[in-house]
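Trainee: I would like a close look at one part of this model, namely the second chain and the face it shares with its partner. Please take it in one connected account, and add whatever local features are worth a note.

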Amino acid sequence: MARFDPQRLLALFKDESLEQLGELEHGLLRLETHPDDSSTLQGVFRNAHTIKGSAGSLGLTHISTLTHAMEELLDMMRQGDLLPEKGSITELLKCKDLLHEMVSGLGAEGPAFDEGRFAGHLSSIKALKSSGRIKLNTFEILIRPSPEVFLRGADPADFIRRMPQSVQVLQVQADDSQVPALSELDPTRCYTSWRIIVSTTMSAQDLLSHFEFLAVDGEVKINDSTSNNQPALAPCAGLSTPGSAQPLKAQSATIRVGLDKLDSLLNSVGEMLIAQSMIQQAIHKGGDEAVRSLRALSPHMQAACREVQERAMALRMLPVKEVFDRFDRLTRELSIAKGKQARLVLEGEDTELDKGMLDKISDPLVHLVRNAIDHGIESPEIRQTAGKPPEGTLTLKAYQLGDAVYIEVSDDGAGIDTNKLIKKATSLGLIEQGQQLSQDEALSLIFHPGFSTAEQVTDVSGRGVGMDVVKKNVEGLGGRVTVKSTLGQGTSITLKLPLTLAIIDGLLAQVGDQAFVIPVVSVVESLRPRKDEVHGMQEQGQVVDARGEVLPLVRLHNELNIIPKTKNPWEAIVVIVQSGQERCCLLVDDIIGQQQVVLKPLGSATPSINDISGGTILGDGQVALVLDIQGLVERARARQIHDAPQGADMGGQQ
Amino acid sequence: MGKSVLFVDDAATMRQLVSFSLSDAGYGVVTAVDGKDALDKAQNEAETFRLIITDLNMPHMDGIELIRHLRKNTQYRFTPIVMLTTESQETKKLEAVRAGATGWIVKPFTPEGLLALVKKFVN
C-alpha cells in the first residue's frame with residue numbers, strides 16, 4: 001500500500017468530482033427536456049451523492065453541505081414530490097457552477113469560494129424544497145361558453161388570458177369550426193370553444209371556480225390528465241424534440257413516409273391484385289387444367305406477395321440521419337466541457353433502419369459518442385505530443401451489408417490499453433491471475449457488467465462506463481457489438497443490427513411434434529455428428545466435437561419438456577448457434593426448412609419464458625415458438641463452467 | 001385613468017370597505033347607494049366604468065333591474081357586471097345571469113377575494 005498522501009488524495013478528488021460535475025450538468029440538461037427520464041435522474045442523484053461522500057471523508061465540509069442540499073432536492077424529484085422543471089433545474093445548475101469553482105479552487109491560494117453565493121444557494125434550495133410536496137397536476141380544460149356570453153359582459157378569452165398565477169398554460173386550442181360565414185356572423189355571439197392544457201398545483205375544483213362565470217350558462221369540463229401519463233403534454237419543450245421518441249406512447253406514434261415509397265407499395269399491391277384475378281380465372285377452368293395453371297401462377301403470386309411485404313416493411317424504414325443529426329451538438333458541447341477538440345464526421349446517413357430500432361439505438365449511440373470524447377480522444381496537448389493533429393476525429397458511419405445494418409462509432413484517440421484492462425479485470429476478480437487473453441477477449445472485458453459498476457472506473461484510461469448496458473440493448477434488438485482498438489491509434493465500436501425487428505429469417509426445426517424457429521442470424525451450421533464425436537455423460541454435461549471445436553450440447557427436448565423422436569445426437573441433428581462470441585449446439589429431431597417469419601410477441605398474459613423470445617404462425621396455421629438463442633447459449637455456457645471438472649474427467653477417460 | 005369601478009350597495013359599511021380596498025390597490029372607485037343612483041352615475045359620469053359591482057337587494061331599484069337597464073345602454077352592453085350574492089340566493093343568481101350579470105361574488109367576502117375578482121376583469 002502506498003503511503004498516505006493527502007495532496008494526491010485531494011488531486012484525485014478534484015479529478016473525480018470535476019468529472020462527476022460534468023455528468024451532473026448533462027443529466028440536469030436532459031432532465032429539463034425529459035422530466036420523466038428516471039434513469040437520468042438516478043444518474044444525477046448518484047453524481048451528487050458520490051461527490052458528497054468523498055468530500056465528507058476528506059473533511060471538505062462546505063462542498064459536502066452543498067451537495068447534500070442538492071441531493072435532498074434530487075431525492076424529492078425521485079419521490080415525485082418535486083417536478084424537475086425550469087426553476088429547480090436552473091437552481092441545481094447554478095449550484096453545480098459554484099461547486100465547480102469550489103472544487104477547482106481546492107488547494108489554491110486565496111479565498112476558496114464566495115460565501116454569499118454559497119449561503120444564497122442553500123436558502124434557495126430550502127425554498128424549493130418547501131415549495132415541493134405539492135404535486136403538479138396536468139388538466140385538460142374544455143370550455144364551450146354560451147353563445148350569449150358576450151352579452152353578459154364576459155369575454156372567455158379574458159378568463160384564459162388571466163389564469164391564476166399558479167397555473168401554467170401549456171397549450172391552447174381554439175375550435176372555430178362553428179363560426180359561420182361572415183354574412184351570417186353575429187358579432188355579439190360567441191361561436192368558439194377552447195381546449196386548454198394546463199399544469200398547476202391547484203385542484204380541479206379550484207380551477208373550475210376560475211371558470212364558474214362561464215360555466216353558469218355554458219359548459220366547462222376539467223379532466224385530470226396527470227394520471228394518464230401523457231408526457232408529451234407535460235413539458236412544453238418536449239413537444240419540439242421529436243428525435244427522442246421514446247417517451248411517446250406507441251399508439252400516437254406517427255411516421256413520415258416518402259410519397260415514392262407509398263406509390264411503389266401501391267404499385268406492388270396492384271400486381272398482387274392482378275395475380276389474384278389470374279388465380280380466380282384459373283380456378284374457373286376446373287380439373288387438371290386448373291391445377292396446371294395454379295401451379296404456374298403460384299410463383300407469380302409468391303413474388304407479388306414478397307414485393308408487397310418488402311415495400312410495406314420499407315415504410316417503417318427511416319434514414320439514420322434522424323439519429324445522427326443530434327450528435328453534432330452533443331460532440332461540440334461535450335468536447336467543450338471536457339476541454340477537447342473533436343470533429344464529427346458522419347457517413348452513410350441515408351442508410352435506412354427500422355423506426356423502432358432507430359429509437360432504441362439512439363441512447364446506446366449517445367453513450368458511445370460520450371465515451372469516445374470522454375475517454376477516447378485525448379486533450380489537444382497530448383495529441384500534439386503524440387504527433388497527431390490537435391483536433392480529434394469522431395466518425396459515425398452507417399452502412400448496409402446483406403440483411404444487417406452496421407453502425408460504427410470510431411475515434412482516432414488513445415485507444416484502449418488492454419494491459420490495463422486485464423490488470424483491472426484481475427483486481428476485480430473477473431479473470432484469473434495470469435490468465436492469457438487474446439486481444440479480442442481482453443477488449444471484450446469492457447462489456448463486463450462489473451466494469452461499469454466498479455468505482456474508480458475512470459482510473460482506467462479506457463472505456464467502461466455502461467458498455468454492458470450498450471451491449472445488452474443492442475443484443476436485445478437481435479444485434480451484436482464488437483470493439484476494435486489499437487493503442488495510440490483509436491477505437492472503433494461496431495453495432496450490427498438486423499434490418500427490422502418484425503420479420504426474421506428463421507430456420508424451422510422439429511422437436512417431437514413441435515416446430516421451433518431458430519433465427520438464421522444466429523445459426524452457424526447444422527450437422528449430424530458421428531457417435532464418436534459426442535462426449536460426456538448421458539443427459540448432462542455433454543459436448544459435441546464439431547470440426548475440432550468442442551461445444552456444449554443443449555438438448556432442446558429437455559429444456560422444453562418434449563418427448564423427442566430420438567435422444568441420440570447421431571440419429572438427430574445438431575444446430576450450431578452463436579450469440580456474441582459464444583457457441584453451443586442445439587439438439588433437434590430434424591430441420592424442416594428455412595422461411596421468413598413474422599415475429600409476434602407472446603403478449604403480456606404470458607410472462608417471459610426462458611429460452612423463448614416470441615412466437616409466429618407458420619404457413620399451415622401451426623404456431624411455432626421462436627427460440628431465444630442468446631439466453632440458451634448463456635445458460636449452456638454457465639452450465640458448462642459449472643460442470644467443468646466433470647466434463648474434464650470424462651474427456652480424460654475417452 | 002380608465003381603471004374605474006362602480007360599486008353599488010345600500011350598506012354604507014360595504015361601500016366604505018370596498019372603496020378602501022380597491023383604491024389602495026390603485027383602482028378608481030365610484031359608489032352608488034341603489035340602482036337608480038347607479039344608473040344615474042353610469043349615464044352621467046364623464047368616463048365609462050370598466051367594471052360594475054352591484055348588490056342585489058336594494059331599495060328603489062334592485063340589482064337585477066339595474067343590470068337590465070345597463071345592458072340596454074350601448075355603452076354598457078359588454079361591460080362586466082358582477083353581483084354580490086349570499087349562499088342562499090341560488091335562484092336569484094341565475095335570474096341575474098339571465099338578465100346579463102357577468103359573474104358574482106359571495107358575501108361575506110375578503111378584500112383579497114374581491115381584488116382577485118376585479119383583476120379578472122380590469123387590467
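Mentor: What follows goes from the fold of chain B to one helix, then to the interface, and last to a few single residues. Keep in mind throughout that this is a predicted model.

Chain B is built from 5 helices and 5 strands. Along the sequence these elements follow the pattern β-α-β-α-β-α-β-α-β-α. The chain has 123 residues, and 53% of them count as buried. Its accessible surface is about 5700 Å², with carbon and sulfur atoms accounting for 52%. As for contacts between residues at least 6 apart in sequence, 64% of those in chain B join residues at least 24 apart.

Within this chain, take helix α2, which spans residues 35-44 of chain B. Its buried residues are Gly35(B), Asp37(B), Ala38(B), Leu39(B) and Ala42(B). Residues three or four places apart in an α-helix point the same way, because there are 3.6 residues a turn. The buried residues of α2(B) pack against two strands, β1 (4-8) and β2 (28-32), and against helix α3 of chain B. The N-terminal end of α2(B) is capped by Asp34(B), which places a side-chain oxygen 3.1 Å from the backbone nitrogen of Lys36(B).

Helix α3 of chain B covers 63-72, and the loop between β3 (51-55) and this helix holds His60(B). Here the backbone deserves a check: His60(B) is not a glycine, yet its phi is positive, about 65°. Most residues other than glycine have a negative phi. The residue counts as exposed because the relative accessibility of His60(B) is 66%, over the 50% cut-off.

Now the interface. Chain A contributes 15 residues to the contact and chain B contributes 18. The area buried between the two chains is about 1400 Å², and carbon and sulfur atoms give 60% of it. On the side of chain A, Arg152(A), Arg162(A) and Phe213(A) lose the most area to chain B, together 46% of what that side buries. Three elements of chain A give two or more residues to this side: α6 (156-161), α7 (204-210) and α8 (212-215). As for polar terms, 7 residue pairs are in polar contact across the interface, both residues being at pLDDT 80 or more. The count of salt bridges between chain A and chain B is 0.

Chain A has local features of its own. Asn561(A), which is not a glycine, has a positive phi of about 60°. Its place is the loop between α19 (556-560) and β18 (573-579) of chain A. With a relative accessible area of 72%, Asn561(A) is exposed.

Another loop of chain A, between β9 (404-411) and α15 (418-427), contains Ala414(A). Ala414(A) is partly exposed, at 25% relative accessible area. Its C-alpha atom is 6.3 Å from that of Glu378(A), a residue 36 positions away along the chain. Leaving aside neighbours within four places in sequence, the contacts of Ala414(A) include Gly376(A), Glu378(A), Lys388(A) and Thr486(A).

Last, the surface of the model carries a nonpolar patch made of Ile255(A), Val257(A), Leu259(A) and Leu262(A), with about 320 Å² of accessible area together. Of these, Leu262(A) is found in helix α9 (residues 259-285) of chain A. Leu262(A) has 37% relative accessibility and so counts as partly exposed.

Conventions:
Residues are numbered from 1 along each chain as its sequence is written. Chains are lettered from A and ligands numbered from 1 in the order in which they are written. This is a predicted model: local features need pLDDT of at least 70, side-chain atom pairs count only at pLDDT 80 or more; totals for chains, interfaces and linings use all residues. Side-chain values use heavy atoms; hydrogens and water are left out. Patches are made of residues with over 30% relative accessible area and no salt bridge: like charges are joined within 9 Å, nonpolar side chains (Val, Leu, Ile, Met, Phe, Trp, Tyr) within 5 Å. Accessible areas come from the Shrake-Rupley method with a 1.4 Å probe; for residues, only the protein chains shown count as cover. A salt bridge is a side-chain nitrogen of Lys or Arg within 4 Å of a carboxyl oxygen of Asp or Glu. Helices (H or I, at least four residues) and strands (E, at least two) are DSSP runs, numbered from the N terminus. Buried means under 20% relative accessible area, exposed over 50%, partly exposed in between (1.4 Å probe, protein chains only). Contact means heavy atoms within 4.5 Å. Buried area is the accessible area (1.4 Å probe) that two parts lose on being put together, summed over both. A polar contact is a pair of N or O atoms within 3.5 Å; within protein, one must be able to donate a hydrogen and the other to accept it, and residues adjacent in sequence count only if both atoms are side-chain atoms.
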